Amino acid sequence: MVTESSEKILIANVPVSPDHYIGGQRVSSKRTFTVISPIDESVLGEVAAGGEKEVDEAVTAALKAYPEWAALGPKGRGAYLRRFADIVESRVEELAAVETASNGSLLESGRLRVMKRAAYNIRFFAEWAETLKGESWESNGTQYNVLYQPSGVSALITPWNAPLMLTTWKVGPALAAGNTVVVKPPEWAPFTCSLLADCAEEAGLPAGVLNIVQGIGEEAGAALTQHSGISRISFTGSVETGRIIGKVAADRIVPASMELGGKSPLVVFADSDFEAAVKTALGQYDNAGQVCLAGTRILVEESIADKFLDAMKEGAKKIVLGDPRNKETDVGPLITREHFMRVQGFVERAKEQGATVAYGGKVSEKLGGLYFEPTLFVDVPEHAEILKEEVFGPVLTFQTFRTEEEAIEMANNTEYGLAATVFTGSAERAQRVGSSIIGGTVWINTFFARDLSAPFGGSKKSGIGREGGDFSFDFFCDIQTVACKTGSFTS
């Protein structure tokens with residue numbers, strides 16, 4: 001193991017290590033990759049690029065730490081994890097500043113909500129594990145007890161749009177379950193995961209319990225999922241990468257949980273709270289549309305469609321596109337030049353296929369760079385790619401429907417099934433439509449409400465498995481049944 005660490009680099013005036021974190025030590029690599037800030041496309045730093053060697057070292061360290069960590073039990077692990085969460089929470093300001101510099105997300109949102117949620121993820125699952133009890137019953141002279149046993153080393157691969165929050169969403173239950181972990185952070189925004197390792201070390205987590213290997217997905221990610229020491233794979237990202245991981249997991253017979261893309265509908269009926277529905281529709285531009293759960297297909301009942309479209313146009317004029325570090329900014333930049341070109345390609349092809357731009361549709365004339373205007377397409381042909389594929393940018397489509405049945409059919413007319421949002425004033429309709437739309441989560445008259453005890457995941461191409469509450473432990477644990485003959489003991 002090479003342990004000569006590189007000097008820390010300053011990201012938003014916060015010292016951050018560019019190295020891996022393996023077995024409680026900072027570990028450098030001979031190769032590096034460059035991380036660019038989407039705010040101004042400036043170079044943030046060179047980061048250690050891991051591969052098979054570093055992954056093997058990390059998995060080896062995790063396997064070594066696993067027996068003692070598992071033996072601590074939920075309460076023993078909980079003491080460490082609570083300290084871990086407290087330290088993350090104490091560094092909210094630094095974490096938010098670094099994440100904004102790394103991925104262009106809104107600084108104010110990070111300070112007030114996202115970073116605190118990262119700490120809460122760890123604390124919540126630590127506490128949940130302590131109350132987790134498997135079922136127990138007697139049948140035909142046999143006593144049955146269901147136990148949640150740690151499963152080994154978990155591989156956690158996380159995305160760039162909310163790297164710290166989504167990493168702790170996986171790290172929290174995996175560690176609480178008694179597993180040790182190897183995290184592969186997103187190469188476009190790895191720095192808050194590096195700071196997470198500092199928090200773990202300060203909390204006194206035993207060496208090897210949490211390991212972080214940075215690198216490119218095709219190298220570090222591939223080596224991690226293929227390693228024979230891995231017992232679980234949890235991945236959040238694209239459908240294309242999910243297919244690759246699924247094949248590897250199937251070949252190795254390793255359980256894999258995957259939350260993939262979305263093309264979610266936002267369905268608005270005429271009897272809904274009009275202002276709330278418009279506000280929610282415009283809110284789908286949050287994080288420059290780089291949100292897997294975003295309701296990018298706006299479906300509005302025909303009788304209010306013109307009024308709704310006018311309201312969206314007026315609302316879009318008030319959206320402030322700009323530097324995500326400024327409090328007045330509503331929408332920041334796209335993550336990289338590569339991703340910008342991808343989003344721009346979707347927009348240009350939509351125009352070519354006959355869709356009409358209601359507003360937006362181009363790079364900001366004032367800001368340039370990676371700042372793409374919030375965009376809405378109308379008159380979209382049914383065959384258009386923009387209705388079928390995930391753009392992952394500030395691009396929405398607007399369609400109308402006449403009947404409840406037509407709304408359901410349109411909502412389900414996609415290969416994805418991650419989420420849906422429905423606005424209606426009728427409780428009966430909410431029940432009918434909500435239960436008829438295919439999606440892992442369906443919100444009624446609200447959006448983005450997330451209780452960690454509820455199951456979360458996608459249907460169809462949007463993923464495999466569920467996490468949250470008991471469901472996280474169903475995945476990260478080996479569920480064991482102990483069956484004992486009643487009255488068979490003499491003492």
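How many bridges join strand β8 (residues 142-150) to β24? The two strands run antiparallel and are joined by 9 bridges. Q143 stands opposite C484 in β24. Strands here are DSSP runs of E with at least two residues, helices are runs of H or I with at least four, and both are numbered from the N terminus. Two strands count as paired if DSSP finds at least two bridges between them.

The model is predicted, so local features need pLDDT of at least 70 and side-chain atom pairs count only at pLDDT 80 or more, while totals for chains, interfaces and linings use all residues. Residues are numbered from 1 along each chain as its sequence is written, and side-chain values use heavy atoms, with hydrogens and water left out.

β8 belongs to an open sheet of 3 strands in the order β7-β8-β24, with antiparallel pairing. β7 (136-139) and β24 (477-485) stand at the edges. Each has a single partner strand, so one side of each is left without a neighbour in the sheet. Neighbouring strands of this sheet are turned by 25° against each other on average, direction ignored. Axes are lines fitted to C-alpha atoms, for helices over the stretch in contact, and angles run from 0 to 180 degrees between N-to-C directions.

An open sheet of 7 strands follows the order β16-β17-β18-β15-β14-β20-β21, and its pairing is mixed. Its edges are β16 (356-359) and β21 (441-444). Each of these has a single partner strand, so one side of each lacks a neighbour in the sheet. The average turn between neighbouring strands of this sheet is 25°, direction ignored. At the β16 edge, 3 bridges join β16 to strand β17 (residues 375-378), and the two run antiparallel. V357 stands opposite F377 in β17.

Strand β9 (residues 153-157) is mostly covered, with 5 of its 5 residues buried. Buried means under 20% relative accessible area, exposed over 50%, and partly exposed in between (1.4 Å probe, protein chains only). V153, A155 and I157 point one way from β9, S154 and L156 point the other way, and all are buried. β9 runs parallel to strand β10 (residues 180-184), and 5 bridges join them. V153 stands opposite T180 in β10. Between β9 and β10 the chain passes through helix α5 (residues 163-176), and this β-α-β crossover is right-handed. The term means that, with the strands pointing away from the viewer, the path from the first strand over the helix to the second runs clockwise. β9 also pairs with strand β12 (residues 230-236), in the parallel sense over 5 bridges. L156 stands opposite S234 in β12.

A search of the whole structure finds 4 cavities of 30 Å³ or more. A cavity is a set of points on a 1 Å grid over the protein atoms alone where a 1.4 Å probe fits but cannot get out, and lining residues have an atom within 4 Å of a point. Grid points are joined across faces, edges and corners, and a volume is the space filled by probe spheres set on the points. The largest cavity holds about 90 Å³ of space. Of its 14 lining residues, the closest to the centre are W169, S257, E259, F456 and E467. α5, β12 and β13 (256-259) are the elements that give two or more residues to this lining.

The second largest cavity holds about 60 Å³. Its lining residues include K263, C292, E390 and F392.

Technical notes:
1 Å grid on protein atoms, 1.4 Å probe; cavity = no way out; pocket = protein on both sides within 12 Å on 5 of 7 lines; lining within 4 Å.
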